[in-house]
Amino acid sequence: MQGIAKQDLNKVLETLSGGGAALLVPMEIDGVTRFARWEQGAKTALGAGNTLLPPKEALFPQNEKVFNYEMSNEEAKIVPSAAAAEETIILGIRPCDVRAIQALDNVFLTKDYVDELYKTRRRHTLLIALGCTQPAPTCFCSSVGGDPLQAEGADIMLWDLGETYGLEALSDKGKDLLKKIDKFMSKSRGKKPAAGKFSLEVDSRGIAEKLHNMFEDPIWDRWYQKCLGCGICTFICPTCHCFDMQEKHTGQWDGYRYRCWDSCMFQEYSLMAGGHNPRPTKKERLRNRFLHKLCFFQERYGMLLCTGCGRCVRECPVGMDITKFIKEVSEVSLNE
Ligand code: SF4
Ligand code: SF4
């Protein structure tokens, strides 16, 4: 396996960010681990496990202008926004978050719908994934179809081998990028590491089929009670992608429309203009979130909308744990 010495990491990052590419790496900023643009002297948090905030914002910003409009007496002129076509490298993304991007690709690029803003960013983004050798206590990627050491869909895989990082190109784009750092590469003595033991495991096989028949099950009456409806679980989730559309008038006849992340855990999310709300209580909203993640998305795209990153398990203020929910579903008998 090829590798780079850890002591050369800064030089490698400098080379990768040369030529104007935005190089996003995990960093700790004001106590929050997140992906941020690397600049000379910046300290990475590559070894700190999964970041609190996932890197989805690089492809799907929290706020984004969709079009400008200008009205005159005769007509309305619409000028769609274009995403900046900046070459972007996301280095240190974990395999669960690469899978999350595959889920976003399904939403924004398939089924006869192409989101041009997302498509532009995605086309210009290269993913260098870092394999996880020590799953955190809240990680369960292997229980929902993931692999902590391999990131299908990434362009390059990285593994921490102690003194070095092992490297392997997984795509042509990845091979081309490795040529740029060729001078730092040597034959690494280490082997691809073995996966560490997961302390959190759950059997999710058949969960979508089971939940398909549980819309009216009493399980929802038990599960929604302690939810605060704060939306934290959705905002930190790498796969959640719901957004709201808003308008900002900048003059009497002109302005712009923008989209911003929204949460299905909020009451207003499903409130209709006439005042009707098909999800009036937290019960319906929690049911929708779990069904979307564990049933509807599987039925539509062939994958769960949960990659086992563990963020919601870790950060929910009242300890809602999606793995416990999956386990409880598996214990429900539908024949009673
Ligand atoms: S983070 Fe927990 S309390 Fe907040 S909306 Fe999600 S499940 Fe409910
Ligand atoms: S539902 Fe929770 S564990 Fe699953 S991908 Fe989202 S934040 Fe991660």
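Two strands count as paired when DSSP finds at least two bridges between them. The points below concern a predicted model, and that criterion underlies the remarks on its sheet.

1. **Hairpin of strands 8 and 9.** Trp159 has Gly166 of strand 9 as its bridge partner. Strand 8 and strand 9 (residues 164-169) are joined by 5 bridges and run in the antiparallel sense. Between the two strands of this hairpin lie 3 residues, and Gly162 adopts a positive phi near 100°.

2. **Surroundings of strand 8.** Is strand 8 (residues 156-160) largely enclosed or not? Of its 5 residues, 4 are buried, so strand 8 is largely enclosed by the rest of the structure. The cut-off behind this statement is 20 or more other C-beta atoms within 10 Å of a residue's own.

3. **Parallel neighbours.** Strand 7 is joined to strand 8 by 3 bridges, and the two run parallel. Across this pairing, Ala129 faces Met157 of strand 8. Strand 7 (residues 125-130) also pairs with strand 6 (residues 88-93), again in parallel, through 5 bridges. Here Leu91 is opposite Ile128 of strand 7.

4. **The sheet as a whole.** These strands belong to an open sheet of 8 strands with mixed pairing, in the order 3-2-6-7-8-9-1-10. Strand 3 (32-37) and strand 10 (185-187) are the edge strands, each pairing on one side only. From one strand to the next, the twist averages 30°.

5. **Gln2 in strand 1.** Gln2 belongs to strand 1 (residues 2-5), a strand placed between strands 9 and 10 in the sheet order. Is Gln2 buried, exposed or partly exposed? The residue has 16 C-beta neighbours inside 10 Å, and therefore counts as partly exposed. Burial would require 20 or more such neighbours, and exposure 12 or fewer. Gln2 and Cys306 are 304 residues apart along the chain, and their C-alpha atoms are separated by 32 Å.

6. **Shell of ligand 2.** Cys306 is also one of the residues that come nearest to ligand 2, together with Cys237, Cys309, Arg311 and Cys312. The shell around ligand 2 holds 13 residues. Helix 9 (residues 311-315) supplies 3 of them, the largest share. Divided by class, this shell contains 7 nonpolar, 4 polar and 2 charged residues.

7. **Shell of ligand 1.** Which residues surround ligand 1? One run comprises Cys227, Leu228, Gly229, Cys230, Gly231, Ile232 and Cys233, and the others are Met265, Cys316, Pro317, Val318 and Met320. By class, 10 residues of this shell are nonpolar and 2 are polar, with no charged residues.

8. **Overall dimensions.** The protein chain contains 10 helices and 12 strands. Its radius of gyration is 22 Å, close to the 20 Å that the globule rule gives for 336 residues, so the chain is as compact as a globular protein of that length. Along the principal axes, the C-alpha trace spans about 65 × 65 × 40 Å.

9. **Burial and contacts across the chain.** Buried residues account for 32% of the 336 residues in the protein chain. Among contacts with a separation of 6 or more, 69% are between residues 24 or more positions apart.

Terms used:
Residues are numbered from 1 along each chain as its sequence is written. Chains are lettered from A and ligands numbered from 1 in the order in which they are written. This is a predicted model: local features need pLDDT of at least 70, side-chain atom pairs count only at pLDDT 80 or more; totals for chains, interfaces and linings use all residues. A residue is near a molecule or strand if its C-beta atom, placed from the backbone, lies within 6 Å of it. Ala, Val, Leu, Ile, Met, Phe, Trp, Tyr, Cys and Pro count as nonpolar, Asp, Glu, Lys and Arg as charged, and the others, Gly among them, as polar. Axes are lines fitted to C-alpha atoms, for helices over the stretch in contact, and angles run from 0 to 180 degrees between N-to-C directions. The radius of gyration is taken over C-alpha atoms; the globule rule is 2.2 Å times the number of residues to the power 0.38. Two residues are in contact if their C-beta atoms, placed from the backbone, lie within 7 Å.
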